[in-house]
Amino acid sequence: MKKEKRFERSKDRDSPLRFNTEEKEAEQIFDKKLERLEGKANRAEQKFQMAKQKLPQKRVLKSEWVTDESKGRIKRRFYFEQEPSLSKDGVAEKVKVNARQLSRQMSQSMHKKVSEHEDENVGVEASHKSEKFAEHGVQKWKRHKKWRERRAVKRFKKANLNYMFERMKSEQQTTNPLNKNKLFQKRKIKKDYAQAKKAVKSTKTTASNVVRIKNGTEKAIALAKELFSKKKIIGIIVVILLIFILLSSILSTCAAIFTQAGTAIATSTWLSDDSDINQAEFYYTKLEAELQKKIDSIENEHKGYDEYNYNIGAIEHDPVQIISYLSAKFEAFHYPDVQKEIDKLFQSQYQLELKEEIITRTVTKEIKVGESLGKVVTSAYCSCVICNGQWTGGPTASGVMPTANRTIAVDAKNPFLPLGTKVVMNGIEYTVEDTGNFDKYGVTFDIYFNTHEEATQWGHKTLDAYLAEGNKNTVTVKTTETIKQLNTSLKQIPLSQYIQENLTEDQFELYELYLESRGNRQNFGSPFNFDWYPSITSYPGYRTAPFSGEIKLHKGLDIGMSEGTPTQAIHDGIVTTAGFSSGGYGNYVIVEDTEKGYKSLYGHFKELNVSQGQVVKVGDVVGFVGTTGASTGNHLHLEFYYKNELMNAYFYVNNGGEAQTETEDGSTGAMSAVNFKKLIAYAEQYLGYPYVFGGSTPATSFDCSGFISWVYTKSGVHNIPRTTAQGIYDQTQKVSRNEARAGDLIFFTETYPAGRPVTHVGIYVGNGRMLHCGDPIQYTSIDTPYWQKHFYGFGRLKN
């Protein structure tokens with residue numbers, strides 16, 4: 001008999017079934033069993049590899065536990081592997097399917113034929129039903145045998161994996177202090193809960209299956225009772241078969257649920273260390289802070305312009321989006337390794353452009369008596385035929401005869417001043433009595449002289465002109481100005497465009513999972529019992545300090561709230577500090593859990609609700625929102641630390657739930673989250689529409705007030721009749737910036753001469769941004785120098 005050649009696995013290829021000497025020595029008890037199983041695995045793999053080469057391949061997402069030697073910890077690594085793609089379109093497969101269908105049809109026909117006559121005899125009926133149950137049970141038993149074989153392989157793989165996991169874990173217990181970290185234990189519990197919510201569809205399907213099984217079981221039991229009463233032996237057999245089938249169905253369903261839930265939880269979790277995640281996010285905020293400072297210093301760096309115009313998009317990003325992208329592209333990334341990629345992300349998001357432009361425009365001004373008309377260019381004329389042509393010797397345009405040292409003319413088509421206006425130039429009072437055609441030469445006034453020689457000697461002179469006494473209180477003046485402008489624009493391109501272009505299809509699927517789960521890091525309580533996301537005024541990270549103007553690391557998450565809003569502890573612990581800091585935090589509280597390493601700081605309280613040494617639980621009120629210390633308005637400043645390392649509180653703190661709809665004094669509350677989404681979804685369809693003065697419909701496009709009236713009314717959020725920006729402002733309840741919420745309105749003044757305070761309006765969307773009808777309709781930061789210069793106030797529409 002030919003000796004079978006033993007298959008040897010390649011040593012340079014990873015395999016989930018590979019065993020090394022070190023593993024065998026560490027597991028003395030299972031040596032023989034492992035050796036036997038290894039031999040089986042080797043033979044099975046030999047057959048599998050031979051068959052695998054002949055089959056088409058497909059990519060399958062897989063994972064494994066690996067040791068990160070640089071971090072001294074174990075982690076889960078996701079990767080894609082080629083596996084056979086078993087097509088079901090082949091001829092052989094179709095033959096098998098057709099054969100099975102034919103077999104089932106023949107069986108059904110036979111049972112149908114028997115059923116037609118079974119009512120004639122109770123014994124036949126009982127025997128026929130028991131036969132059908134038996135056939136069904138045999139089919140279940142065959143499938144169960146295959147399931148037992150698959151289960152044995154799974155248990156073998158699981159035993160090997162558990163062994164390697166326990167060994168790696170035991171090796172790290174003495175070297176890695178993070179093994180004692182309770183944060184990860186709590187995170188796992190929270191991830192399980194989050195995934196349970198995500199698997200609603202699977203759960204509903206399973207519930208319906210259980211109900212179906214239950215109903216089927218009840219019918220089967222009823223039938224079994226009937227059979228039992230007629231023929232006890234058949235009834236017992238049927239009941240046993242039913243119980244077996246029921247247990248098989250339940251076990252297979254549960255296994256599928258747990259497998260699906262476990263895979264989803266692992267796949268939707270950021271794999272990088274918290275330190276690397278925080279450094280990556282803080283670096284991005286530093287780049288943004290430097291960009292903002294560059295824009296703020298444009299007028300100092302580029303002097304000599306008559307006007308500086310700004311069209312600045314919002315300088316901000318979604319922290320979850322950045323980390324989800326890096327996690328999908330690099331899996332468990334280290335900050336130094338992804339810094340260049342972060343630079344590319346930033347450069348793709350922001351495009352700053354400075355453009356110089358010289359423009360000539362006609363400006364209409366109201367000048368009061370005694371005020372300067374500015375410098376004007378003058379020329380001269382007399383009553384000769386050279387200067388007047390066919391009008392020689394005739395009266396002026398006003399009907400009076402010209403007089404030296406009194407009569408001046410303005411351009412007939414583009415008059416600088418109306419006829420009859422008195423002007424003082426070079427100490428002489430003149431009256432506008434005549435008109436001419438000299439604007440094209442850049443001349444403002446043509447002065448009358450008695451002789452042609454005097455007019456020739458005068459030539460062109462530039463003089464200071466003033467509005468003389470004897471005029472009305474004000475005079476409308478039209479002037480042509482040449483302006484040197486520096487136009488600054490910052491275009492923000494959505495990051496989603498760059499992300500989609502730079503991820504593979506498989507990576508993009510992971511990215512979307514990460515976005516939905518937020519990395520599974522919301523392991524702590526909420527500072528408020530309502531939705532506070534729209535109220536965030538500043539994220540942790542680098543920014544321009546409001547008092548010093550320098551770029552500094554802002555350690556906390558700032559949440560704008562009404563004065564006196566109760567603030568809750570985000571974790572259990574002891575109050576180690578409860579007092580006042582004049583240099584920064586004002587009234588503040590520090591809660592620490594020394595056993596687990598957590599610490600949270602709550603700043604700028606109006607009043608404290610706890611004292612030093614007090615034990616608090618998550619959800620306990622520790623203080624009330626205020627603006628004490630170095631604060632620009634009512635808000636909560638929240639910092640979070642783990643083992644004295646600063647963490648980004650935005651990643652770890654839960655949101656409170658539903659939006660706050662009513663303030664404590666019972667006044668009109670902020671717009672609900674549902675209405676805000678409805679408003680923005682409707683308004684965003686007009687992004688890119690141009691600004692058209694007086695426009696109020698999509699057919700004409702919009703001006704600022706027309707846009708607001710249209711989208712609020714048509715979205716069904718609030719009825720605002722067509723009016724001006726001032727008219728909309730008059731319909732609102734005034735709120736401060738820290739009280740402003742997404743869906744409120746923001747107003748500006750003196751954006752153009754209008755004769756009323758409010759001249760521009762936009763929709764405040766939170767986080768220092770507005771959606772407004774600029775040119776075009778767009779999102780814009782309200783913190784740019786231009787908008788801060790013209791800021792007027794916030795308003796909330798009254799019910």
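I will talk about one sheet with the helices that pack on it, and then about a single serine, Ser 715, all in a predicted model.

Let me begin with the sheet, which is open and consists of three strands in the order β3-β11-β4, with mixed pairing. The strands at the edges are β3, residues 307-312, and β4, residues 350-368, and because each has a single partner strand, one side of each is left without a neighbour in the sheet. On average, and with direction ignored, neighbouring strands here are turned by 25° against each other.

As for the pairing itself, β3 runs parallel to β11, residues 474-492, and the two are joined over six bridges; within β11, Thr 488 is the bridge partner of Tyr 310. Two helices that pack on this sheet should be mentioned as well. Helix α8, residues 274-296, touches β3, β4 and β11, and its direction makes about 35° with that of β4, while helix α11, residues 335-349, touches β4 and β11 and makes about 30° with the direction of β4.

Now I turn to the serine. Ser 715 sits in the loop between α18, residues 704-714, and α19, residues 725-729, and you may ask whether Ser 715 is buried or exposed. Its relative accessibility is 11%, and since buried means under 20%, Ser 715 counts as buried. Leaving aside residues up to four places away in sequence, Ser 715 touches Lys 678, Leu 679 and Tyr 682. In addition, a polar atom of the Ser 715 side chain lies 3.3 Å from the backbone oxygen of Tyr 712.

Key. Residues are numbered from 1 along each chain as its sequence is written. This is a predicted model: local features need pLDDT of at least 70, side-chain atom pairs count only at pLDDT 80 or more; totals for chains, interfaces and linings use all residues. Side-chain values use heavy atoms; hydrogens and water are left out. Two strands pair if DSSP finds at least two bridges between them. Helices (H or I, at least four residues) and strands (E, at least two) are DSSP runs, numbered from the N terminus. Axes are lines fitted to C-alpha atoms, for helices over the stretch in contact, and angles run from 0 to 180 degrees between N-to-C directions. Contact means heavy atoms within 4.5 Å. Buried means under 20% relative accessible area, exposed over 50%, partly exposed in between (1.4 Å probe, protein chains only). A polar contact is a pair of N or O atoms within 3.5 Å; within protein, one must be able to donate a hydrogen and the other to accept it, and residues adjacent in sequence count only if both atoms are side-chain atoms.
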